[in-house]
Amino acid sequence: MKLIIAIVQDEDSSRLVSKLMQHGFGVTKLATTGGFLKAGNTTLLLGLDESKMQEAISIIESICSSRKQLTTATTSLSGMSGADYSTFPVEVTVGGATLFVLSVDQFLKI
Ligand code: 2BA
């Protein structure tokens, strides 16, 4: 058995969970926060048989699209009076999905 930990964009999560459920996957959805953007994202836990891995990954690929997003970066203005820091926009690529695949030693329901 495998465990997929999938970090996806919030806006993709409802459609993705629905499609995974339609295909018979068990899913746990967690509200999480990305360390870089400090914005909400969604982490899904999927326990599944190894034979279903490719199907699950294909479903994730079909829903989660990669796109650009503007965020702000901060720079120091040392030496200037008044504000010490300035922010400026930075474009980052978000979306898609970040997947971790782990082997599960035991799967118990008690
Ligand atoms: P965040 O940490 O909020 O990162 C959002 C996006 O910002 C990243 O998308 C990446 O495109 C960009 N980014 C992240 N760190 C950066 C940096 N130091 N410099 C420039 N750009 C940077 P993704 O790579 O698709 O990651 C999406 C989310 O997946 C991340 O949200 C984080 O929550 C999670 N994630 C990604 N890699 C991870 C890892 N190795 N371990 C744990 N979580 C991870």
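Trainee: About the hairpin of S2 and S3: why are S2 and S3 called paired strands?

Mentor: Pairing takes at least two DSSP bridges between two strands, where a strand is a DSSP run of E with at least two residues, numbered from the N terminus. S2 (residues 26–33) and S3 have eight bridges and run antiparallel, so they pass that cut-off. Thr33 stands opposite Gly40 in S3, and the hairpin has six residues between the strands, with Lys38 at a positive phi near 55°. Mind that this is a predicted model: local features need pLDDT of at least 70 and side-chain atom pairs 80 or more, while totals for chains, interfaces and linings use all residues. Numbering starts from 1 along each chain as its sequence is written, and side-chain values use heavy atoms, without hydrogens or water.

Trainee: How do you know that S1 pairs with S3 too?

Mentor: Seven bridges join S1 (residues 2–8) to S3 (residues 40–48), again antiparallel, so that counts as a pair. Ala6 stands opposite Leu44 there.

Trainee: What makes Asn41 a polar contact of the ligand?

Mentor: The cut-off is a pair of N or O atoms within 3.5 Å. A polar side-chain atom of Asn41 sits 2.9 Å from a ligand oxygen, so Asn41 qualifies. Gly35 gets in through a backbone N or O atom at 3.2 Å from a ligand oxygen.

Trainee: Why are six residues of the shell around the ligand called polar?

Mentor: Ala, Val, Leu, Ile, Met, Phe, Trp, Tyr, Cys and Pro count as nonpolar, Asp, Glu, Lys and Arg as charged, and the others, Gly among them, as polar. The shell splits into four nonpolar, six polar and no charged. Gly34, Gly35 and Gly95 are among the residues surrounding the ligand, so glycines are on the polar side of that split.

Conventions
Helix = DSSP H or I, 4+ residues; strand = E, 2+ residues; numbered from the N terminus. Near = heavy atom within 4 Å. Polar contact = N/O pair within 3.5 Å; in protein donor to acceptor, adjacent residues only side chain to side chain.
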